[in-house]
Each structure stands twice: as structure tokens, then as C-alpha cells.
Amino acid sequence: MAQSASGANDKPAAATPTLVTAFIDGGFVPGGNGHVIPVFYPGTGQIVSQLHESDEREVDKAVRSARAAFDSGPWPRLAIEERQAVLQAIHDAILAHDEELAYLECLNTGIVMREVRQRHIRRAAYNFKFFSEVISQQPGEVWTQNRDYLTFVTREPAGVAALIAPWNAPLALASMKIAAAIAFGNTCVLKPSEQTPLSLARLVEIIHQAGVPAGVVNLVNGRGGVTGVALVDHPGIDRVAFTGGTATGRTIMQAAGKRLKPASVELGGKSANIIFADADLERALDGALLGIFSNNGQQCLAGSRILVEEPIFDDFVEAFVARARKLKIGDPMADDTELGPIASARHREHILSYVDIAQSQGAKLLTGGKAIEGDGYFMEPTAVLAADNASRVCQEEIFGPFAAFLKFSGREQAAALANESQFGLVGYAWTQNLDTALWISRNVRTGLMWVNTPLMRELRAPFGGIKDSGIGRDGAAASRDFFTDEKTVTIPVGDVPLRKLGMG
């Protein structure tokens, strides 16, 4: 990561690199004379580092390193137990560096430090432990129905994977892709968002210190239109895994399709959070607040459309607004902060633009709606009472601490409103009635439905969306299917006679 400089909040100088460069074939490479991008701390708006952008030539070098490590290196050929040991060592190393990684993640994203420690770091470490266990549990297939032949099916690593990570939760989401790819014997090239390179540059370094051979995990940095395009289009890439916005996902799918590369894209959401009148209202209120305001509101899983049944609508909205106004907003590194800054000044402007959009379409502003004056990219937690579900504030992903309320009457209308969306990533439902819970889970079209709980990821189960929320899934079996190729082998049992051509 090159030289170091002092960070925010009197952290040690070694914690923050002055220049982040690519990591290729086991080490950081010199920055050269390429384009340099400033890296900001959202809590103050100050530049805390610089990023050297990888051009097409540097991307080619990274892919060639990964290709060589796959074609002739030891990693794809290790015994499962040997690969497991390295993955477990990475898990341990992440936890050993938890404070350093949490600081870099908070410094770069503005996510509340407490949340990073409790959720993101633990999740990043667990991803490697989880996939170390998954690879030891994979069954094989043997077909013996034809008495003359034995046929068996094996899975082989797919090759070199391009892994493109988002800016809203770099450690948690990128580590999932890295762990899955290398667990099944692949090599990879990771591209973080140009906004948030700090924690992932350190993570890649830690991964190698834990025992991953050179070339197995490479890192390139830069903008999607420069570095990302070069990576996805490179002929040496066999798989593309992307998490991010829907528009970018479409572009990636098109580019991958031209070369017939399988691509998995986890995209945006506009998830309905459905509160039935018979719900445990205190729990539902807690869940609704977490669903829209955790991770500073910047998550594809956000329950951003809050649908409340008519008999409890006024009381629930009143309680939500009261709690939202009491959220502790401030320094994301402080232990008592509940809502930190938006990731960038530009994105804060994007979020706040929806206040005028909503009001122009008949919405009522319930709370918030303004930037907070001073240093950093802070804004008030915001909620509106939407005029109807067709309004832009209910249909477009805002990706911030911005909730839109709608009233419904009965489960049929709730499902209809939830499904009137181009997205289909997750859904939430709160009810004490088992029949209602099962009915709404069947009738809301999403990749995942949470009932009486928010934001729970079961890594053994598939995770991903439908419609504009993406194609493909993460998870144990889904990741195996994506990062491996099936091979069928057939062997005759005994002396099976063959036709003798050309014998007259």
C-alpha cells in the first residue's frame, strides 16, 4: 500500500497508506505515473489517501499473474485439507487485525465503527471459515444404471475470477467473493470501488501473510469505466462476480456475454417492509429502524418502502418518526453514534434530491430532509408519507437513510404493493399469525423474505434477487455451482465390444 500518513482521530500513522496501489503476484506494485484518485473520509470530508488507478496494462499483468497461478501453481491442486488450513488461517488473521481493519473501513466508508466491529469484521472472517467447511462437505455423483459403464461427475475450479466489490460494505461483501472463489481452487483479481480501497488493500495483504500463494489473489484499483471495463473484457477471465448498481450490472452482463463468460450480479433493491396490525409492534419498530438506518442507510437490503396496515398506521408512523429524530448522528468512530455520514458529498446530494422529487409528487415530509451543516457528509434521517406506490420515491433506489411510508388494507393489497416494483431482492414481514406469514412469504416475489427479523444472512442458503435485483446467487451450493465446472467421466466396466469400422 506504499507509505503511511496519519489518519483521523489520532490513529497510529501506520494505519493509513498515503498511496494505494495494485497488489499483483504477491506484492504491491509501484504507482507509476498513472491517474491518481483522492480518497476521502466521509466524517470530515478530508482527503486521507490517494489511489493509483490501474490501466489496461496493469489489469493485464494482474490477470496474467492469476492465470499463471491457476494453470501451473499449487493452489488448484492442493488437497482439500491443505486449502482448508489456509482458509482457517485467514479467518484467524482477520480477527487478529480486527481493530486495524475496522479503522480503515470506517475511515473510508463512514460506517459506524461499532457496526463494523460487530458485523462486518466478524462476517469477513467467518466467510473464510465457512467456505473452508463447505469444501469438505461436497458430495460426488456416481451413475451405475448402465451395467456396462461406470459414470461419475466431478467438479473442477472454473479458472480466474474477476471480483468487483461495492463501496457500501467492502470487507463483508468482497470477502464473501474471495473466500468462495479461492475455496473451490480458483484464482482471482479483485477490484474494489475507487471510493473505498483502504480496507481491501490491507485485507489482500493479510490474506497472503496467512499463506495464500502469490498470484492467487490479485488487486487492481480504479474506476469502473477504466479498470472495471479492462478486467471484465479480459480474455483471461473465466467468471465475473459483481455487487453494485443495476445500471452497472447490465453493462457487466453485456460485456461478459460477448465472451460467453458466466456472470453473477447482485444488484439494487427497493424492498417492502410490511407491518401487519397483529405484529409485535415494538419488535417491528426496532426492525424497521434497523432496516432503513443501519449501515447509514446505504445497503441494497434496506427496507426502504415501509407498508403499514391501516388500523395501526398512524401510531406506527408517529413512533417511527419519534425514534428517527432521536438517532445519535455524528463521528462514526464514536461508540455511541448510531448514524454516520453518507459515503460521499455527491451521493448525499443524490439522496437529498429525492426530498423535492417526493414533495413534487404529493408526498408529505415526516422528518429530516436536510443536510447537517459542518464538516463531513452528514444528513438527517428522513421519512416521507408517499402519495402512492407509483411515485419515484417508492420505485427508485435512493440508497440512503430515507424511508417512504405507504398504507395498506389486507394481505392481498400488501403483496400487490410489494410486487409493484422493478426490484426483487428481499422483503420483510411482521406478523404474529403463522398463516399470514406463510401466505405473504409465498406471494411476495423476492429472492429472500425475512419474517419477524431484519438483516439475517444464512450463508448455507442461497442469497440473491430477481428482476432488476440481479442474476445468480451467493451461498454454499450456489457459489460451488458458479465457481466450478462439472466434468462427467465414463469408463467401461469389463470388455465392452466396439463396432469395427473399415473391416469390409
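In the next few minutes I will describe the overall build of this protein chain and then turn to its nonpolar cores. Please keep in mind throughout that what we are looking at is a predicted model.

Let me begin with the overall build. The protein chain has 15 helices and 25 strands, and its C-alpha trace spans about 90 × 55 × 40 Å along the principal axes. A compact globule of 504 residues would have a radius of gyration near 23 Å, and because the protein chain comes out at 24 Å, the two values agree. Of the contacts with a separation of 6 or more, 73% are made by residues 24 or more positions apart along the protein chain.

Now, what share of the 504 residues is buried? Buried residues make up 56% of them, while the accessible surface of the protein chain comes to about 21000 Å², with 51% of that area belonging to carbon and sulfur atoms. As for charge, there are 48 positive and 56 negative side chains, and the centres of these two sets lie 5 Å apart.

Turning to the interior, the largest nonpolar core has 64 residues, and the ones with the most contacts inside this core are Ile-90 and Ile-182. If you find Ile-90 in the structure and set aside residues up to four places away in sequence, you will see that Ile-90 touches Phe-128, Ile-182, Ile-207, Ala-210 and Val-212. There is also a second, separate core of 36 residues, which includes Ala-288, Ile-312, Phe-399 and Val-426.

Conventions: Residues numbered from 1 in each chain as written. Predicted model: local features only at pLDDT ≥ 70, side-chain atom pairs only at ≥ 80, totals over all residues. Heavy atoms only, no water. Helix = DSSP H or I, 4+ residues; strand = E, 2+ residues; numbered from the N terminus. Rg over C-alpha atoms; globule rule 2.2 N^0.38 Å. Buried < 20%, exposed > 50% of the residue type's maximum accessible area, 1.4 Å probe, protein only. Contact = heavy atoms within 4.5 Å. Areas by Shrake-Rupley, 256 points an atom, 1.4 Å probe, with all protein chains shown as cover. Lys, Arg positive; Asp, Glu negative; His and termini not counted. Charge placed at Lys NZ, Arg CZ, Asp CG, Glu CD. Core = buried A, V, L, I, M, F, W, Y, C linked by side-chain atoms within 4.5 Å.
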